[in-house]
Amino acid sequence: MKKVRTSRFLAVVMAVLMMSVAVFALAACEKESDVNTDTPVAGDDTDITMGTTKVDIYNTDVKLLYVPIGDAGPAFEMARYAIEDTLKFLPNVTVDIKPAEYDPTKQADIITDAIGQGYQGIFFEAMDPIVSQGPIEKAEAAGIPVITVNLNSQAVHTLFIQGNDYKSGYQAGEILGAAIDGKGNALTLNAPAAQAATSQMIPGFQDALKDNYPDITFLEDFPCEGWQSSEAANNMKSALTKYDKIDIVYAASDDLADGAINAIKEAGRENEIKVYGSMGYPQALQRIKDGTQFGSYFADGYSQFQVVVYQMLYYVQNGLNATVLGYTDTPTLDMPTTPITKDGNLAGSVSVDQVIENSRWKVVMPDAFK
Amino acid sequence: MKKKLNSSTIRRFITIGLVIALTALFSLLSSNFLSMYNLSELFRNAAYLGLIACGLSVVMVGGGIDLSVGGIVCATGIICVHLSDIGLSGYMVLILGIITGGAFGLLNGFIVTKLKLTEFVTTLASGFLFFGLGLVFAYRDDHGTLMAHSIKSNTYLSLGQPLLPGGFYLISLVWVVLAIILWVVMHKTELGLYTFAIGSDEKSARMSGVNVAKIKVIGFIMSGAFSGLAAVFVTAYERTASTSLGNMREFLAIAACVVGGVVLGGGKGDAVSAFLGALFLAMLDNGLRKFGMDSYVVYMIQGSLILVAIAFDSQFAKISYRRRVKEQRLSAQTLTS
Amino acid sequence: MSKEKRKSLDIKVEGPMKEEGVLLTCKGIDKSFSGVQVLFGADFEMNYGEVHALMGENGAGKSTLIKIVTGVYHKDAGQLYIDEESVEISNPIEARAHGIAVIYQELSLVPDLTVMENIYLGQELKKYGFVEKNRMRERTLDLIKKYELDLNPDATVEVLSMAQRQMVEVLKALSTNAKLIIMDEPTSSLSAAESEHLFRTIESLKKKGTGIIYVTHRLEEVYRIADRLTVMRNGEVVGTLTKAEINPRTVTTMMIGHEIKTEYDVQRTFNDDFVLEVKDLRYGDLLKGVSFTAKGGEILGIGGLVGSGRTELLHCIYGAKKPSGGRILLNGKPVSRSVIKNINNGFGLVPEDRRREGFNPLQTVEKNIAIASHDVIANALGLVYAKKERDWAEKAIEDYDIRPKNRKMIVDNMSGGNQQKVILGRWLIREPRVLILDEPTVGVDVGVRAELYRFMRQLTESGSIIIMVSSDLFELVQVSDRILVMHDGVFFEEFPREKATQAAVLMAASGEHTEEGVPLV
């Protein structure tokens, strides 16, 4: 008898818990739904006359959506900071951020869903070039401009703002090749196998070696699952036991470079091997300053997302998107890629101090620099 | 004689009530919820989950579990894209997708009944196997790295396009029809009756002359075939088979069944329970997304709901048991007197 | 195919025709299992419309005979006749075809299905592939009315009482046109009122001409319903009694045969300073106020039929079940309700189902012996050293002659007798003050039994109490210092060692007072 009562109690507790979660959740959205009701519904109102609907972006509410791959890591931090910073001077513009949790289907679902929700512009990193195709086409057909960032989609859309992977890889090849006078052995730490298709850094690096340094031997390319630093360390360890002489290591991200550096330190071969990363994350900048990492490239996330927001507002203001403009191909905007070394004395590179001073990392992640 | 409501009918009404309550809540809170566009997308998403859940419900009613449905969706999806690439039309791919999924289910059923392994372990393992198989068949470039690959066949792609200009997808229609057919099968045929029997008490069913192994294998084939069907529609909609296809779908499908009233351990629930459960979960997901809620809140709400459903079912079983004992006594007296 | 099937089912609903005369005859049935003969020329005969009871102690050969009739076993010699025609029954399906149905102790019903669905499970009426529920329901209702049963065809089986479930089983048998229904101890899980229900069902079947073989341990049921009684002993049919001839003394004598009783060896001394008292203990419907006092140095035997509340009594004393009333005192202090505390205070239990409750069959002898003694062999931090565990196990293996003498042996691979030694050894090595044994020698061969009895005696000589429940009358009479017989949830009679005989204990267990015992109710 008593047992029955305890389990009934449990059921009541669960119900109360659920209710409170629901109430909390609904309370949280109360504010946002206020905003929702005032904005026009783009998906439903098909009577929008395309190209002629000018929006006063400084006096009427504008609602944009950003669907990042995930909601963690320095790149996301910087993107969010850049967006918030930009919006400080645009009080009537809101950007909702709905992370896709590393699932392309989910990303597509979020975008599809947003089309009926009154968003006037959508931007995101397209995790899958094909899965994202349907939702983008729907959004563009509904008059919503879509901008992809860093990762492109097969669908024709309003703009692709590219971080230019290939070029940064090529630059890394040139710089590392020069650093070892065109002689030695090279290896690379790549993106996870499933995503390798979307990143062009390693091919760029390989091409640079092929074109300029025929005496450098390319040893091996290691895919690193989950972009994990520990995976990179494991791969580096096996490389260190496998190859007697390694001169340069190029990593597709600074996290991977970090793993490699740790493995090399453990093996006591830090004087022999130069490690070059990508993205220019704050920890990497600090490592370059300390001399443990040879270099990286500076992807200016701040400028990139500021451009995304302003470019988007331009389309909204003028009622433009790929459909209205009659695009048959997605236009691409290449962002600059700047190589970083400690002193900035190698082919086209800038010094790490200069980057630390001029990037926003000091503001976004101040703990990274001591 | 006046027909009294039995406990499964009451449970059904509760689920329907929840779906209606949720519809009312979301349509009050968001002006876009009841728009044609949103409903069409909602039903597409619900159908993806719901087709898998309906097939799974057959196994679950029979007292088993199938954790491999996600893997089946992944492998079948990728195989289907290959089939269309060798020149088969979308309709052939649809049929072959169902057969492929069913064959995976047959493998599960074979291992469970012939090698006498438990459903949980078997399908957990075969789920990994099918995911792996999907990666084996995945499209790769010359370096061996995975690459995106679009479906070329127009008939195949048309399966994923809306039926009407305003929306509404074929998958949703198929889902509704199949759920009804499956309901009839479960309640009006020997197969369904035997499935309930083995889910309720396998040993007794066996002693009554039920071919338990055969029924279990058919259950797994159904589960696999429904997952295969879902895979065809989803790949058609997404225009490709990505390697993350079907990822974690098995748990969502189990959750849908449980919320709808299919009892873990078997004997209770049916395809309509799975239908309503999937609709409810998809609606929750869709509705909560309207409010830009953080994903952890959505997870918390979903998790609590599943717990509430299980806790409710165990309490409900006790209450309705007592009620039915009383009823049986009363009606037995009136019948015999 | 389906048409034929339906045709045969059409006849079924009529039920067995009332027929006169001999239904089943068994003549000179022999059966051996791997060289050991278990049936010696068994003869058995029964008529239409007769309830024929079959009695005998465990191992008397009742189940073997029944399994031969139902085609589960094959006879070595002899002949079966149905309707006075010689038949061969080589499997259960053939038995069914001959109209023989068995209702097992563990029922074969599906709880979530309705009465009607259960009755037709495996033989549904179908049309165009769809199950015809209405027609099945009508036929079920016809059957229910015909036999005047208290059942609703649409009720799910899980809500039915055990007696009603048995009715469903009976209906299921009748729906396959059974003319002979075998019931194997059908009342063992029924309450008195439910049993009465079942008896009425049996009466009703009898009137319609169905023959019933009723296997039981309960004499009072035999009086109540049987037309004839056949008693078996050691694989032989001792005799068949007509209703008028059945009386307790005759039946028990037939069951036990000639009793050999060893002389009472030593005058035992009991220690009055160490006393376990149970006062008015109640547990649901199973224990209705049980009281006794056991003294140090005593082996107290508890007899009674399965289901009389014996096991529940032991579990209540041990703390594994919570009594609904009454008190349990050790030396005047209440005994804890926690098994762990009781073990620390010197209690031990050897359960009936040793595979499920007694030991972990896949572990080694060493682990199985040490597991109950971790409080003794663990250090202050609760860590157990392998060496201590080993010493502890080796001592037990040596003291209690566990074979093979290998502490790493997996218990599952040992003989039943040695398994029992392991589990007994686990407790004995702790020198428990109160050791509770539930059927301690089931599946143990004779030689090992004697050893186990010796170990038990050694323990009581050190002043401990042993409480032993046993269905083995010989064991109960030989080993116990005193025997309390349970019947219907109370102690029915008490036998001092000198006066206890197997026949008397059996009679008391069946609810008949004897000259030898001291009546307690």
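This text walks through a predicted model, from its nonpolar cores to its salt bridges and one chain interface.

Start with the cores. The largest nonpolar core holds 98 residues. Those with the most contacts inside it are Tyr48(B), Leu51(B), Cys54(B), Met60(B), Tyr156(B) and Trp175(B). Take Tyr156(B) as a way in. Leaving aside residues up to four places away in sequence, Tyr156(B) touches Gly77(B), Cys80(B), Val81(B), Ser84(B) and Gly90(B), among others. Its further contacts include Val93(B), Ile151(B), Val232(B), Thr235(B) and Ala236(B). A second core is separate and has 91 residues. Leu330(C), Leu349(C), Ile369(C) and Ile467(C) are among them.

Now turn to chain A. Ser168(A) sits in helix H5, which spans residues 165-179 of that chain. Its relative accessible area is 0%, so Ser168(A) is buried. The side chain finds a polar partner: it reaches the backbone oxygen of Asp165(A) at 2.8 Å. Beyond residues up to four places away in sequence, Ser168(A) touches Met201(A), Tyr250(A), Tyr297(A) and Thr337(A).

Next come the charged pairs. Side chains of opposite charge can pair when their charged atoms come close. Over all chains, the count comes to 50 salt bridges. Three of these pairs are worth a look.

The pair in chain B joins Arg44(B) to Glu41(B), with the closest N and O atoms 2.8 Å apart. Both residues lie in helix H2 (residues 36-61) of chain B. They are 3 residues apart, about one turn of the helix. Arg44(B) has a relative accessible area of 7%, and therefore counts as buried, the limit being under 20%. Glu41(B) is at 5% and is buried too.

The pair in chain C that links Glu50(C) to Arg228(C) has its closest N and O atoms 2.4 Å apart. Glu50(C) lies in the loop between strand E2 (36-47) and strand E3 (51-55), while Arg228(C) lies in strand E11 (residues 228-233), so the salt bridge ties together parts that are 178 residues apart in sequence. Glu50(C) is buried at 5% relative accessibility. Arg228(C) is buried as well, at 17%.

Another pair in chain C joins Lys395(C) and Asp399(C), at 3.2 Å from N to O. Both belong to helix H15 (residues 386-399), 4 residues apart, about one turn of the helix. Here the side chains are not buried. Lys395(C) is partly exposed, with a relative accessible area of 42%. Asp399(C) is also partly exposed, at 38%. Elsewhere, salt bridges that share partners join Asp109(A), Lys138(A), Glu41(B) and Arg44(B) into one network.

Finish at the contact between chain B and chain C. The size of an interface is often given as the accessible area lost when the parts come together. Chain B and chain C bury about 2,600 Å² between them, 55% of it on carbon and sulfur atoms. Chain B gives 30 residues to the contact and chain C gives 35 residues. Between the two chains there are 2 salt bridges. One of these pairs Glu190(B) with Lys126(C), the closest N and O atoms being 3.0 Å apart. Polar contacts at pLDDT 80 or more come to 7 residue pairs.

On the chain B side, the elements giving two or more residues are helices H7 (170-188), H8 (190-200), H9 (202-207) and H13 (295-336). H13(B) gives the most, with 9 residues. By class, that side has 13 nonpolar, 11 polar and 6 charged residues.

Key. Residues numbered from 1 in each chain as written. Chains lettered and ligands numbered in written order. Predicted model: local features only at pLDDT ≥ 70, side-chain atom pairs only at ≥ 80, totals over all residues. Heavy atoms only, no water. Core = buried A, V, L, I, M, F, W, Y, C linked by side-chain atoms within 4.5 Å. Buried < 20%, exposed > 50% of the residue type's maximum accessible area, 1.4 Å probe, protein only. Contact = heavy atoms within 4.5 Å. Polar contact = N/O pair within 3.5 Å; in protein donor to acceptor, adjacent residues only side chain to side chain. Salt bridge = Lys/Arg side-chain N within 4 Å of Asp/Glu carboxyl O. Buried area = accessible area lost by both parts, 1.4 Å probe. Nonpolar A, V, L, I, M, F, W, Y, C, P; charged D, E, K, R; others polar.
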